[in-house]
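Please take a moment with the sequence and the fold below before reading on. The paragraphs after it move from the strands to the interior and then to one loop residue.

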Amino acid sequence: IPVKQPQSDLILKAALTPFISSKVEKQKVSIYINGEQLGKWDIASAGEYEITIPKSYVTNSLKIDFYLPDASSPSKLNISNDTRTLGIAMRSITLLENN
């Protein structure tokens with residue numbers, strides 16, 4: 001994401017819904033900013049989650065990666081024949097300056 005150097009830290013907000021079942025209680029999400037792990041979320045229910053991105057992490061661009069180690073397919077969990085790997089559904093993502 002191309003960004004201008006902010007005057008303050010940034011807030012990343014994400015509206016998420018996890019894939020959970022009787023065999024998956026929550027989805028772990030690791031957040032990486034420009035290749036460095038900045039934080040983790042444990043997503044057990046739909047909602048808005050946020051993390052602060054220090055302005056020192058921001059250059060002319062911002063690379064945001066989400067790593068989902070618990071993502072799995074319903075077929076691997078013997079829930080259904082669905083072979084899609086599921087982790088979280090991201091309904092929205094917002095970046096704001098923390099003024």
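What follows is a guided reading of a predicted model.

A convenient place to begin is the open sheet of three strands, whose order is 4-1-6 and whose pairing is antiparallel. Its edges are formed by strand 4, residues 47-53, and strand 6, residues 88-97, each of which pairs on one side only. On average, and with direction ignored, neighbouring strands of this sheet are turned by 20° against each other. Strands of a sheet pair through backbone hydrogen bonds, either parallel or antiparallel. Here strand 1, residues 10-18, runs antiparallel to strand 6 and is joined to it by nine bridges; to follow the register by eye, one may start from Lys-13, whose bridge partner in strand 6 is Thr-94.

From the sheet one can turn to the largest nonpolar core, which has 15 residues and in which Leu-12, Trp-41, Ile-53 and Leu-62 touch the most other members. Strand 1, strand 2 (27-33), strand 3 (36-43) and strand 4 each supply at least two residues of this core, and strand 1 gives the most, with four. When neighbours within four places in sequence are left aside, Ile-53 is in contact with several residues, including Leu-12, Ile-33, Leu-38, Leu-62 and Leu-95.

The last stop is Ser-73, which lies in the loop between strand 5 (64-67) and strand 6. Is Ser-73 buried or exposed? Because its relative accessible area is 3%, and buried means under 20%, Ser-73 counts as buried. Its side chain makes a polar contact of 3.1 Å with that of Ser-75, and, not counting residues up to four places away in sequence, Ser-73 touches Asp-82, Thr-83, Arg-84 and Thr-85.

Definitions and conventions. Residues are numbered from 1 along each chain as its sequence is written. This is a predicted model: local features need pLDDT of at least 70, side-chain atom pairs count only at pLDDT 80 or more; totals for chains, interfaces and linings use all residues. Side-chain values use heavy atoms; hydrogens and water are left out. Two strands pair if DSSP finds at least two bridges between them. Axes are lines fitted to C-alpha atoms, for helices over the stretch in contact, and angles run from 0 to 180 degrees between N-to-C directions. Buried means under 20% relative accessible area, exposed over 50%, partly exposed in between (1.4 Å probe, protein chains only). A polar contact is a pair of N or O atoms within 3.5 Å; within protein, one must be able to donate a hydrogen and the other to accept it, and residues adjacent in sequence count only if both atoms are side-chain atoms. Contact means heavy atoms within 4.5 Å. A nonpolar core is a set of buried Ala, Val, Leu, Ile, Met, Phe, Trp, Tyr and Cys residues joined through side-chain atoms within 4.5 Å.
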